[in-house]
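Please consider the following model from its overall fold down to a few of its individual elements.

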Amino acid sequence: MVNETSTWFDRDRFLSTFTAAARALGKAPLGLDADERDALEAAGAAGAVDGWRLDELGRITLLASVSRRLPATELEQLLWTCYQQGDSRERQALLRALPFVTGAERFLALAVDACRTNELPVFEAIACENRYPAAYFPDLNFNQLVLKAMFMGVALARIVGLERRRSSELARMAEDFASERRAAGRSVPVDIGLLSPEHDHERATRIPE
């Protein structure tokens, strides 16, 4: 049987358009006005677009739109191709798009693989201001993401959903990390206290000034 999408979807053209987004749209900040920010706030997505640029928005829109029509298998192949063949900015856009694509849970392996990168901007695209890890990562993968964020000097406050994914195991792993740093004479991240199980209790019992 001929797949229905073959009559409308031109994969090569899509990949070419995805790559050309920076030339077509530029890399300027979004520059949202008050009404646009209010609309995003109402949709629960205001923080998600912080720091986005026009080419990223274009690429994310392309991926989110095509994900509503492509069969699951084709979509998975397309996203892996975009990620594997893309440059740093293309990878960043794809990772930021994951919460907005249909069937987002199917791309867990891609998201986890992205956490292995040593490119800080690419790592930040999946780890920071991105609700995907907290929503879909198993505990082990989420904890590893948090530890890598500390290792790479990324502020823990930028990890969406950290407060609800924090656990005693993550706190233990963080303390082991801190002990190793101290033993090596290296500094410990100043925000490591955010991973302590007592953090929420201390915040809840603090007397307002």
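What pattern does the protein follow when read along the sequence? The pattern is α-α-α-α-α-α-α-α-α-α-α-α, and the predicted model accordingly contains twelve helices and zero strands. Among contacts between residues at least 6 apart in sequence, 74% join residues at least 24 apart. Of the 209 residues in the protein, 43% are buried. The protein exposes about 11700 Å², of which carbon and sulfur atoms supply 51%.

Helix α7, spanning residues 120-127, illustrates the covered part of the model. Six of its eight residues are buried, leaving the helix mostly covered. The buried residues in α7 are V122, F123, E124, A125, I126 and A127. Against which helices do the buried residues of α7 pack? Their partners are α4 (72-85), α5 (88-97) and α6 (108-114), together with α8 (132-136) and α9 (139-151). Just after α7, E129 adopts a positive phi of about 50°.

The surface offers another view, beginning with its charges. D33, D35, E36 and D38 gather there in a patch of negative charge. One of these residues, D33, is located in the loop between α1 (11-25) and α2 (34-42). Is D33 buried, partly exposed or exposed? Its relative accessible area is 40%; because buried means under 20% and exposed means over 50%, D33 counts as partly exposed. That value also meets the requirement for patch members, which must have over 30% relative accessible area.

Terms used
Residues are numbered from 1 along each chain as its sequence is written. This is a predicted model: local features need pLDDT of at least 70, side-chain atom pairs count only at pLDDT 80 or more; totals for chains, interfaces and linings use all residues. Side-chain values use heavy atoms; hydrogens and water are left out. Patches are made of residues with over 30% relative accessible area and no salt bridge: like charges are joined within 9 Å, nonpolar side chains (Val, Leu, Ile, Met, Phe, Trp, Tyr) within 5 Å. Accessible areas come from the Shrake-Rupley method with a 1.4 Å probe; for residues, only the protein chains shown count as cover. A salt bridge is a side-chain nitrogen of Lys or Arg within 4 Å of a carboxyl oxygen of Asp or Glu. Lys and Arg count as positive and Asp and Glu as negative; His and the chain ends are not counted. The place of a charge is taken as NZ of Lys, CZ of Arg, CG of Asp or CD of Glu. Helices (H or I, at least four residues) and strands (E, at least two) are DSSP runs, numbered from the N terminus. Buried means under 20% relative accessible area, exposed over 50%, partly exposed in between (1.4 Å probe, protein chains only). Contact means heavy atoms within 4.5 Å.
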